[in-house]
Every structure is written in C-alpha cells, then in structure tokens.
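Subject: Structure handover

Dear colleague,

Here is the structure you asked to have passed on. Please look through it before reading the notes underneath.

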Amino acid sequence: MAVETAEKANAVVEQALASIGDLATLPEVTIKIIEIVENPRSTARELHGVIKNDPALSMKILKVVNSAFYGLPGQIASVDRAIILLGLSAVKNIAIAASIARLFKGKRISEQFSAADLWRHSVAVGVGARALARCSPHPAMPEEIFVAGLIHDIGTLVERQAFPDQFATVIQRCTDEEGLDFLECERQVIGADHQAFGVGLTTKWKFPRHLRASVGFHHNPETLSVELRNMARLIHVADVLACQEQVGFYLTAQYDEITPEMLEALNLSQEQFDEVRATLAEQVSDAETTLSS
Ligand SMILES: [Fe+2]
C-alpha cells in the first residue's frame, strides 16, 4: 500500500474508533486482567483479586474451565484453583473469551450479514485454529490461539457500526460479483479494510502483540515476521476451513483454498487436517453453548 493510502486508511480507522462508543470498550475488568497478566511482576493473587470482584465473570470462567469444550469437566471449583492449575495467561484468555461474546450483538444489517453469523464464524475459527495447534507436538498457547480466532474479524464490527451503509454495500458487491476481493472492496468503499480496523481496536484494548498481529494479517500471514507468523497462519487456515464448511458468516476467504504448502508450513498432515474438519461442527456447538451467556 502506498504511504499516502496507508495514512488515509489510518485516519479512517482513527475516526471510526472515536465514533463507535460502546464497542470500543471492553469491560473494565477484562482490561484490568490484560494489564495484570502482561505485567511480568504481577502475581496470581492480584489476578484473583480482580476476578473475584466480578461474580458474573467468575461464574463464567468456572463454566468455561469445567466445560467439555475446555477438557477439564467438573474438576475446578474456584477461580484461585483455576489460576493455580492453568496459569495466569490461560485464565486471562478465558476471561477475554468469556467477555467478548456480548460485542457480537445487534440487528441484522443485510441478508448476508448479521453479528450472530459473524460470532458463529469467529467461534468456528477459534475452535478450528486451536484444534490445528493441538496437532503439533508442542502446542503453543492453545487458549491464546482460540482468542485470536474469536477476534480475528472484529474489525468488521467496527465497520458495521461506524459505516453501516458502506459496509452493507461491500457485502452486497462481494456477494454479487464472484471473485471480487473482499479486502480490496472494503478499501475502495470504506477507505480501510477490516484487518486495519481490527488492529486499531485491539491496540486500543492493549492486546498482546501476537493477537494484534494475527488480527491484522490473518489474510496474509506470510508478510509477518517469523516470530509472529505462526499464529496468523493457523488463523488463516482455520478461517478458510470455516468458510468452506459454511459455519456462520462465510463471505471472506471463501475463494481461498488450503494448499499442501500451507499445511506443511504448520507441520500438519492432510489426515490431521481432515480430522479437524470432521469434528469442527460438533466442537463449534460445544463452544457456543459454553460461551453464551
Ligand atoms: Fe477476515
């Protein structure tokens, strides 16, 4: 992107973020949790202190950690036990996952797009990316990967709220004209794409670098540095998979395909990938039940 175009896109993102009110704010408790966990000097006691002041969030965290979806059904009776067993970072990611669903609300803006469909797609990408990551002999931060999936398209919520008519136009055009590039169309009609809006929002939320990078580059992970690339690659593959399986909203990435090179880059065999595909729908409905309020 030329410098001038990039500057214009940044200005559009800034202006949109300033205008969207509620969506731009995560619950205060979630922001506090992120701050605590990102500070290397923080302790488990501090994290527990913040979570226990919010009984609804405490309940939700326990619901998630004890769900079939999380894999420790019925074993953890208190938040401090969850922190001891799972660690600060896992509990932080569960808290983010538990507080993010409420953002995906609001009325349908067009036949092809509703926030509920986007939520379903996002859950599918989170579940799929986490399942793919688990195939690796050293799965890195599965809960962070799940959160990366949940938020990868969050920029579209900014567009929907700040530019509802233009966003509906983008979706209509991409539905009508087969092969039209969704991101290019967003840039033409709105002035920036959902990756840029997603980076703007997650920066405002002070999300960690890996999460911001995977939101900002999930359609083109290869442009990232080696250190940040892997998570974005997982999200990209899971995104295409969810679109192919038509779980929830599936306009973006629907013309992409998963190549042997993409699987190889993630050290995944075709069999492992097919297994994730086969279990995706069931896992999505487990996760949806667990995260719904
Ligand atoms: Fe996307």
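The notes below go from the whole chain to its core, then to helix pairs and two loop residues.

Please keep in mind that this is a predicted model.

Overall form

The protein chain has 16 helices and zero strands. Its C-alpha atoms fit a box of roughly 50 × 45 × 35 Å along the principal axes. For 293 residues, a compact globule would be expected to have a radius of gyration near 19 Å, and the 18 Å found for the protein chain agrees with that. Of the 293 residues, 44% are buried. Among contacts in the protein chain with a separation of 6 or more, 65% are between residues 24 or more positions apart.

The core

The largest nonpolar core holds 87 residues. Those touching the most other members are Ile61, Ala95, Ala97, Ala129, Leu132, Leu234 and Ala238. Helix H7 (residues 115–134) gives this core its largest share, eleven residues. As a general point, nonpolar side chains in soluble globular proteins tend to be buried together.

Ala129 is worth selecting in the viewer. Apart from neighbours within four places in sequence, Ala129 is in contact with Ile145, Ala148, Gly149, Leu234, Ile235 and Ala238. Ile145, Ala148 and Gly149 are in H8, and Leu234, Ile235 and Ala238 are in H14.

Helix pairs

Helix H8 (residues 142–151) and helix H14 (residues 226–244) have axes that come within 10 Å and cross at roughly 55°, which makes H8 oblique to H14. Their crossing is right-handed. On the H8 side the residues involved are Ile145, Ala148 and Gly149, and they meet Met231, Leu234, Ile235 and Ala238 in H14.

H14 also packs with helix H13 (residues 209–216), at an angle of about 45° and with the axes 9 Å apart. H13 and H14 are therefore oblique to each other, and H13 passes H14 in a right-handed crossing. Here His210, Ala213 and Ser214 of H13 meet Leu228, Met231, Ala232 and Ile235 of H14. Met231 and Ile235 thus appear in the H14 lists for both H8 and H13.

How do H2 and H3 lie relative to each other? Helix H2 (residues 28–38) and helix H3 (residues 44–52) pack at about 180°, with axes 10 Å apart, so they are roughly antiparallel. H2 contributes Val29, Lys32, Ile33, Ile36 and Val37 to the contact, and H3 contributes Glu46, Leu47, Val50 and Ile51.

Two loop residues

Leu266 sits in the loop between helix H15 (260–265) and helix H16 (270–291). Leu266 counts as partly exposed because it has 17 C-beta neighbours inside 10 Å, and 20 or more would be needed for it to be buried. Not counting residues up to four places away in sequence, Leu266 touches Leu132, Arg233, Leu234 and Val237. Leu132 and Leu234 are among the core residues listed above. The C-alpha atoms of Leu266 and Ser110 are separated by 36 Å, with their positions 156 residues apart along the chain.

Ala68 is in the loop between helix H4 (55–65) and helix H5 (79–86). With 13 C-beta neighbours inside 10 Å, Ala68 is also classed as partly exposed. Beyond neighbours within four places in sequence, Ala68 is in contact with Pro73 and Asp286. From Ala68 to His218 is 150 residues in sequence and 28 Å in space, C-alpha to C-alpha.

Regards

Technical notes. Residues are numbered from 1 along each chain as its sequence is written. This is a predicted model: local features need pLDDT of at least 70, side-chain atom pairs count only at pLDDT 80 or more; totals for chains, interfaces and linings use all residues. Helices (H or I, at least four residues) and strands (E, at least two) are DSSP runs, numbered from the N terminus. The radius of gyration is taken over C-alpha atoms; the globule rule is 2.2 Å times the number of residues to the power 0.38. A residue is buried if 20 or more other C-beta atoms lie within 10 Å of its own, exposed if 12 or fewer, and partly exposed in between; C-beta atoms are placed from the backbone. Two residues are in contact if their C-beta atoms, placed from the backbone, lie within 7 Å. A nonpolar core is a set of buried Ala, Val, Leu, Ile, Met, Phe, Trp, Tyr and Cys residues joined through C-beta atoms within 7 Å. Axes are lines fitted to C-alpha atoms, for helices over the stretch in contact, and angles run from 0 to 180 degrees between N-to-C directions. Angles under 35 degrees count as roughly parallel, over 145 as roughly antiparallel, 65 to 115 as roughly perpendicular and the rest as oblique. A crossing is left-handed if the near helix is turned anticlockwise from the far one by less than a right angle, and right-handed if clockwise.
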